[in-house]
Amino acid sequence: MMKHKIWPLTLAFIGLVTLSTAAFGKEKELTESYIVDLETEIHLEATVGTVELMPSDNDAVEIELRVESDGDSWFTSGGDIDAVLIKGERKGNKLVVSATPADDMVQHWVIRVPKVNHLDLELGVGEISGVLPFINSDIELGVGDIDLDLSAGDYKEVTASVGVGDTRLDNFDNSNNERMMVTSESTYEGTGSVRVDVEVGVGDVRLSKLSN
């Protein structure tokens, strides 16, 4: 059975699937890194903007963040951009990363992710792209598009589901696609060990596995 959930944020922006092209008057760039290991679970919480993922061979997750603020944009009403920081909280094996304060800002994240136990990514409105490392991952987006290359490897399960929009899996043999009215779900089941679950409220998802 197809599964999907639509965040309250999705309902608020049901008619919007792209970011405003309004010019931003003020911006700030930040960098941060956190030492991790094979037991670490990374949780990234973002609001409005973009997230680009990259695999890394280092023993640290490396983060670049550019925040933009402008009172005339669709989603923001200004804010103290000078006060914005990257916040990293450790809770046992979990590393929770976010920007604070998060209100009235558009966030552009670049995340270099090494081999860890799990990646949990949540974005309210925007776009997620890049290359997803070969790790267990849960990715949720309220409104927008996801276009990801999945690192080569043997996957146990890959699922892409959308409340309103389209899903597509490329280079996964014997994948299945189920469409019902405006919803869509694409799934793949294999014999590997890594699971990837991608969910969007309104938008499109394309996941493509890279060749060995």
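**Exercise 1. Place V162 in the fold.**

Find the strand that holds V162, and decide whether the residue is buried or exposed.

*Solution.* Start with the element: V162 sits in strand β9, residues 155-170. Strands here are DSSP runs of E with at least two residues, helices are runs of H or I with at least four, and both are numbered from the N terminus. Next comes burial: V162 counts as buried because its relative accessibility is 0%. The cut-offs are under 20% relative accessible area for buried, over 50% for exposed and partly exposed in between, with a 1.4 Å probe and protein chains only. Finally, take a distance: D145 is 17 residues from V162 in sequence, and their C-alpha atoms are 10.0 Å apart.

A word on the model before going on: it is predicted, so local features need pLDDT of at least 70 and side-chain atom pairs count only at pLDDT 80 or more, while totals for chains, interfaces and linings use all residues. Residues are numbered from 1 along each chain as its sequence is written, and side-chain values use heavy atoms, with hydrogens and water left out.

**Exercise 2. Sort the aromatic pairs.**

Classify the pair F134 and Y155, then the pair F172 and Y188.

*Solution.* First, the rule: rings of Phe, Tyr and Trp (its six-membered ring) pair if their centres lie within 6.5 Å, and planes under 30 degrees apart are stacked, over 60 edge-to-face and the rest tilted. The count by this rule is three aromatic pairs. One of them joins F134 and Y155, whose centres are 4.9 Å apart with 85° between the planes, making the pair edge-to-face. This pair links distant parts of the chain, 21 residues apart: F134 is in the loop between β7 (118-132) and β8 (136-150), and Y155 is in strand β9. F134 counts as partly exposed because its relative accessibility is 21%, whereas Y155 is buried, with a relative accessible area of 2%.

Now the second pair: the planes of F172 and Y188 meet at 50° with ring centres 5.1 Å apart, so this pair is tilted. F172 belongs to the loop between β9 and β10 (176-180) and Y188 to strand β11 (residues 183-189), so the pair ties together parts 16 residues apart in sequence. Both F172 and Y188 are buried. As a last step, join the pairs: F134, Y155, F172 and Y188 form one aromatic cluster.

**Exercise 3. Follow I146 into the core.**

Which strand does β8 pair with over 13 bridges, and which residue stands opposite I146?

*Solution.* Two strands pair if DSSP finds at least two bridges between them. β8 pairs with β12 in the parallel sense over 13 bridges, and V205 in β12 stands opposite I146. β7 and β8 are also parallel, with 14 bridges.

Then look at packing. A nonpolar core is a set of buried Ala, Val, Leu, Ile, Met, Phe, Trp, Tyr and Cys residues joined through side-chain atoms within 4.5 Å. The largest such core has 47 residues, and W109, I146 and L207 have the most contacts inside it. Strand β12 (residues 194-209) gives the largest share of this core, six residues. Apart from it lies another core of five residues, including V48, V106, V143 and V202.

**Exercise 4. Read the whole chain.**

How many helices and strands are there in the protein chain?

*Solution.* The protein chain has one helix and twelve strands, with the helix leading the order from the N terminus. Of its 212 residues, 47% count as buried.
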